[in-house]
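Student: I've got a model open and would like to learn how to read its features. Could we start with the empty spaces inside?

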Amino acid sequence: MASVQFMDLSVDIKTLIVQHVTRPADLKNLCLGCKQLHEISVRQLYHEVTLDVGSANDNRLGAFLSPKNIGLQHVRKLDLYLADVLDKCNQLQQAHFAIRMILELLPENILEKFSWHPWSPFSGENLILLYKKQKRMKWLEGIALDNDVLHELKKIPDFDKSFENVRKLGLYPDSREGDAPIPYLSKVEKITLHASFEESDSPIPNRELNDSSTGAGLITSTIFSHLQPFAKCTPLSLKEITLQKISLRYAADTYCRFINFRTVKSIRVFACSGADALFAELSKSTKLPEKLETLEVKHDDNPENDGLGALDGFLCLVSGIKVLTVDLTLAKNLPAAAGIIRHGKTLKQLNLHASRLPEGCDDELVYDYTSFSQICKDCSLLEQISLAFPPTSILRNKSDSFTNFENCLGELPNLVTLNITSWPNNSPSSTKMPRKVYEHLLQGMAQQGFERSVAHALSHKRTSKLAIIAFGSSDKVYDREDSMNQIIFVKGRQVDPLGHEKPMATQIGCPQDIFPKIENLSEVLQQQAHQASHALGDARSHESPQGPESQQKPNRLRKACDSCSIRKVKCDESGPPCRACAALDIPCTFDRPSRRRGPPNRHAEAIKKKRRLGDGDTLSGPSTPASPTNAAHALAQLSSHPPHLSAESICSLPTMNALIDDFFTYIHPLCPFPHEPSFREAWDRREDYSNPAFLALLSSMIAALVSSFPRKPRLHLKSQTRDQYPSHLSLVDKCREVCAQARGPGYLDRPNLNVYDACTSYFLGLTGAYIFQWRQLRLYFGECLTILRSLGLHKAHEQGYTYLGGVPGIVGSSGPNFEGSRDMKLDNITEQIGRRVFWTAFVGARTIQQLGASFGELAVMPSTPSEPLPPLPVELDDSCIYPHDLMPQPPGVVSLIKGFNTNVRIYNSYSTLSTAEMMFGTDEIFDWDRQEKIFEQCLQRCKQVLDGIPDVLRVQPKDTQSGKFGQRTQPYYPPMPEYSNVRDPANLFNGTESQEARRHQQFEIQKANIYASHLSIRSHIVEKYFTLLDKRNAMRMQNSPNLLASGLDQQISGTGGIDGKLLEDSMTAEREQVVKDVLVVLGSIDMVNMEPNGDSFTQKIRQIARTLLEVPKERKGSIALQQHQDYLYKFLDILSKLERVSPEGSDGNQNGGVSVDEESELRHWADLRDYQLKFQEQGGIYGFS
């Protein structure tokens, strides 16, 4: 069945859908979608309007009061507030004038409710106008007037019919004059009686307003006087009744006479003294409510707890309650569990609060475990529960009683909202905790609550519905709706770049943070009305209000909108939207790029290229239109949202798929992250559309691939125009740009920071190295290590626990001296990827230091007994690693991580030497006997790493049959266009054995990296030894043991001394062996497998060559001249083909624009000529002429 688009639905279905949209901002966006959606959404948006009047900004009402505003006819409820301004002078008069304008423009007989909220006198003239035009009101409120207009109201034609539709009545007796009888109550369904809003300002004493032992009060004797005598009247059949601050001690019987409580569905009693008398009266069988669904009680009880007793009795008699809210002060106990359990088959919301003190937020009573567990077990339909939990410390593990209450919640499968009204304490600390710290710890407690709910739901094979956990006073109780003393956490989704989800607690504060405030709602309505008056107007006026001299002929606009440009019609460019797009009801955009006619301007192209490859200073700052003729385009850019980022922002989908395959073939063996199956699954779901972190990771991966291995992207981008990506650097810049936009500002502060953010930073740093931007290299490598350390992935265990020591106390916090929990367990994928990233960054930092760079911020501290480094990743392929399980490696299949770990062990073999240099400085002599032992053992450890490695990772010095260099699977083809098809190893992956060929290629790439690293470390140790030996001989110093150096003894095996002469001979022989091994490696490994290692490989070999060429004559060996001259020429020839002078060296736009393979521009070794001359001057590399 074909999918149905939203716009294909009928108008009735669209209307039903829009009715479920509640936020004004969302409705406004729907209104701006198209004309049909505007007509549907405007009804919902204007159904209930709230406006501020009486401020100096009343001119903002102009758009709302425009006759062209089609929303006016849909207004049904109008709530007016007196604006809160500093200048109160003539404010009421301004408000009355604005109200009169609103009532004049509203169509007749459309209002159902009109409210005036300031409780200040309302204009009598406006009230007359209201009743003249609106005679279908369903909600009426008592309003104090500035003058008596009752006689004039009665003169209005059919005035009595104005009350025929009244269903809800709000009565606020606050003066004797206002307590007039209300005779039109036959159809009323809801009555609200609110005696006084400000007790101190009440003009009527309480004894006069309410019934007493001596007689009836003003409420019953005046407002309801038309029903007297109450014993013989027909009771009012109400559905809802709300009593606020009414004394019921002597009036309960009277109210039960003229109100039929048996039909009432909702009873709300707030701060009414004598409420126990009402519940006692309602407990009689003749008056017991039969349809009661909502009961809300807020009561200050007496010392005998008569109110609680009456309420318990009433709850045990009545049935069918769905919403129960009880807020008691001066209480000794909570409502009995038996009365609540009676409604277990219907109860959906339960809010219970009871305290012993008048202001009982800090002294709430708590149910015993038996009662609470029984409530949770029998009231399985509960969707919301709000009550106090047992006390617990936020600094320590939760108390057993608190945990037991949490476990009871598992019996509520429909629970959505949990409000814990009691606050966790900071025991045993006696000082106040900073609010921010307390909120952070509360977030952790809420997070645990969400996770416990999910785990309990999974154990019962259902999904958890718990979405909100709040702490503090419930906002469901009257007089607490606007409470700021509440912290709310909602359950969000924490999604890593590979699409794995887990619940995350996110603080949202008070409800005001979610929904617009009253003044914001007013602005939304006015802005929407302003848009409607322009978008739906019959004609547009372009006349200027200025004089004739200002009405000059407008300049011809150079850019039409996209739609008009495609359809080849004239665009008036008055939008967006323009008149043509508005008539066709289609989007009006200006996204198409301008196209210049005529031959290409090479001078302009050169300037653009220079700006693109330069520092970008000329492009900084916002762009502005160059002339008034570009005003429409500039307006479109200012008013529209930025384009949505996705993988297509970089290149086409087929090209992106090819680049991803190349990454996992050529780069992943060296940098084995991210987790390939998870990444491909996320890519199949196109997470780049909805997950910016995934798009940032993808962009950084492609940038690292292109910068280190530009030939492959060049082959894939043949179909792309050279104007889009004239060189591989253009593609690299685009990837970095997309990555920066996807990450956005402040990505390090986000709570869902994870290991894949570290992966992204590493790839960006690697890209900076390959395009010779050293600052970016240092910045992103350091950021990668920082993210790993912040996540605890640099540790061997307890990754989720960080000891803070005295840091919290020194900044004034009384919180705990640790962060996180020792019990947190990482999933297997995160743990293994974290270890891979760490050890990759470790190798990168060691490589940088080995090449002589002083990047101190990239130092990785050595392993110590108290803080060991994490173990190496398990030697399993990605396909064997699952979040909660590690499958065994298939028998006979060598894991790619085996080669990765081998390379790490090579760099870790000289950790003792690295630690000594970190302690005493580079090339410093501190204890020569120990240093000789360090050099000797580091070299032995390095050489032993390759013992026992699999054959697929081993270089064979000789072919057993031909005697030539072994393992050369294919001849070398130069990087020229005519050899591209023959040379491309991707052509080997198209047969039935494609996976074996791909895996063999990956092992060959790892092999080149392993042996280059092994040779460079051996050469590095040898040269370090001879450098310090020459320095010691020059100083002619006696060995003096260093006490500090004795700390290195635990890293040095053996206690015997070292023969200096024997060690020097051994190092000399090792140098000659390095030369032989270098030539064996370069002769046996295909150059095409060296390329993915990028400049890392050539720099290692170059470092070896530089040290070998500078060997003094007295230390040169005696090897046949001709043989090694041939080897040396071949060695230099390979280096000249591998290394690049600059990132622009592979620009295919050179050579007169002739398109050649980018590798044909690989640079020659810059100082090759100098080394050749030096070689000849010194008589050959081993002392022969």
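Tutor: Sure. On a 1 Å grid over the protein atoms alone, a cavity is a set of points where a 1.4 Å probe fits but cannot get out, and lining residues have an atom within 4 Å of a point. Points are joined across faces, edges and corners, and the volume is the space filled by probe spheres set on them. Now, this is a predicted model: local features need pLDDT of at least 70, side-chain atom pairs 80 or more, while totals for chains, interfaces and linings use all residues. Residues are numbered from 1 along each chain, and side-chain values use heavy atoms, without hydrogens or water.

Student: What volume does the largest cavity have?

Tutor: About 260 Å³. Of its 23 lining residues, Glu406, Leu409, Gly449, Ser453 and Leu466 are the closest to the centre.

Student: Which helix gives the largest share of that lining?

Tutor: H16, with 7 residues. Helices here are DSSP runs (H or I, at least four residues), strands likewise (E, at least two), numbered from the N terminus.

Student: Why is helix H6 called largely enclosed?

Tutor: Buried means under 20% relative accessible area (1.4 Å probe, protein chains only). In H6, residues 124-133, 8 of the 10 residues are buried, so the rest of the structure largely encloses it. Leu127 and Tyr131 are among them.

Student: And how many disulfides are there?

Tutor: A disulfide is a covalent bond between the sulfur atoms of two cysteines. The cut-off is a sulfur pair within 2.5 Å, and the count is 0. For Cys651, the nearest cysteine sulfur, that of Cys735, is 7.3 Å away. Cys651 counts as buried, at 3% relative accessibility.

Key. On a 1 Å grid over the protein atoms alone, a cavity is a set of points where a 1.4 Å probe fits but cannot get out, and a pocket is an open set with protein on both sides within 12 Å along at least five of seven lines; lining residues have an atom within 4 Å of a point. Buried means under 20% relative accessible area, exposed over 50%, partly exposed in between (1.4 Å probe, protein chains only).
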